[in-house]
Amino acid sequence: MTIIEEAASVPSPRSGESDGTPLLEVRDLHVEFHTRDGVAKAVNGVNYSVDAGETLAVLGESGSGKSVTAQAVMGILDMPPGKIPQGEILYRGQDMLKMGYEERRKIRGQKIAMIFQDALSSLNPVLSVGYQLGEMYRVHQGLSKKAAKAKAIELMDRVKIPAARERVNDYPHQFSGGMRQRIMIAMALALEPDLIIADEPTTALDMTVQAQVMDLLAELQREYNMGLILITHDLGVVADVADKIAVMYAGRIVETAPVGELYKRPAHPYTRGLLDSIPRLDQKGQELYAIKGLPPNLLKIPSGCAFNPRCPKATDICRTDIPLLTPVTEQDGGELPGRGSACHFWKETIHG
């Protein structure tokens, strides 16, 4: 069974405990960077939400705005040159963009935590991993060094690092890439947050270790009923763990769908191109498909649909009118829950 066939058989999204208010909701978020060459519009009206126990995968090529959106949620954008001219980021219904620094700081790490993509550069090379893990407890909970170290060992055991008690005083360079990534996961879990944002958590790891890291994240998510935002460009990584997917291109979300539906019937040419780019076992010896051209310069995003210079379906309307994210339906008009596409020709794409 191929990745696409396997993902298409995934059941409907799990339902986390909820009172109707999303755990996190991003509304019409815009992020821009003011540079010498002009204003780079990195995020252009992003909307998505995540519930407790739910996994949202955000997909797209490098430069699509995935990580910038996450940094805006975490409140770690460099401002300046970054700026958030409009939008809302709601944690349990409260807009974090309107909070003061200290109020926002209490949410960051304790309620919303982030796993960064490069574990080696994210960990301090001159401090032991036990000290760095324990710092979460010393700073946020006022634990003593001894108690914080004991908690660090518990965390290392929890993320399945062998001989945690003996290795708690080791330094980052003494661990393999997969083990360092587990330490980053442990650090994010330290204060038992409601939501974890994982930014390319399997980058530079081999396939076996990737699977182990993703299985660990899924296991911990079920145990703590956390929300999870998984940022990646690799559709194969999310096939088994995501509930729903948002595909980004040039700072916009161009398609949303439950994971199985998106793999089975993409409703945007860009999504179809990403799926066609996945290597398949039944195409051994054939040339791999690649989307033509390059992602746009964010200083000069094309008019109309930003994907039009690379899209095989593009016509004049694609070069003049920006397509809005609209609900996707069956041919008979029947509703497809959770499905949306920002394409003038989504009907031909999904039903063609």
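**Helices α5 and α8, and the spaces in the model**

Let me begin with two helices, α5 and α8, which are roughly parallel to each other, because an angle under 35 degrees counts as roughly parallel, one over 145 as roughly antiparallel, 65 to 115 as roughly perpendicular and the rest as oblique. This is a predicted model, in which local features need pLDDT of at least 70 and side-chain atom pairs count only at pLDDT 80 or more, while totals for chains, interfaces and linings use all residues. Residues are numbered from 1 along each chain as its sequence is written, and side-chain values use heavy atoms, with hydrogens and water left out.

Helix α5 covers residues 129–141 and helix α8 residues 177–189, and their axes come within 9 Å and cross at roughly 20°; helices here are DSSP runs (H or I, at least four residues), as strands are (E, at least two), numbered from the N terminus. The axes are lines fitted to C-alpha atoms, for helices over the stretch in contact, with angles running from 0 to 180 degrees between N-to-C directions.

Which residues meet? From α5 these are V129, Q132, L133 and M136, and from α8 they are I183, A186 and M187, where contact means heavy atoms within 4.5 Å. The residues of this contact divide into six nonpolar, one polar and no charged, with Ala, Val, Leu, Ile, Met, Phe, Trp, Tyr, Cys and Pro counted as nonpolar, Asp, Glu, Lys and Arg as charged, and the others, Gly among them, as polar.

Turning to the pocket, about 540 Å³ of space lies in the largest one. Of the 19 residues that line this pocket, the closest to its centre are R108, G109, M136, H140 and M187. A pocket is, on a 1 Å grid over the protein atoms alone, an open set of points with protein on both sides within 12 Å along at least five of seven lines; a cavity is a set where a 1.4 Å probe fits but cannot get out, and lining residues have an atom within 4 Å of a point. Helix α5 gives the largest share of the pocket lining, five residues, and by class the lining has eleven nonpolar, five polar and three charged residues.

Finally, the cavities: the largest holds about 60 Å³ of space, a volume being the space filled by probe spheres set on grid points, which are joined across faces, edges and corners. Among the residues lining the largest cavity are C305, C311, C318 and C343, and the class counts for this lining are eight nonpolar, two polar and one charged.
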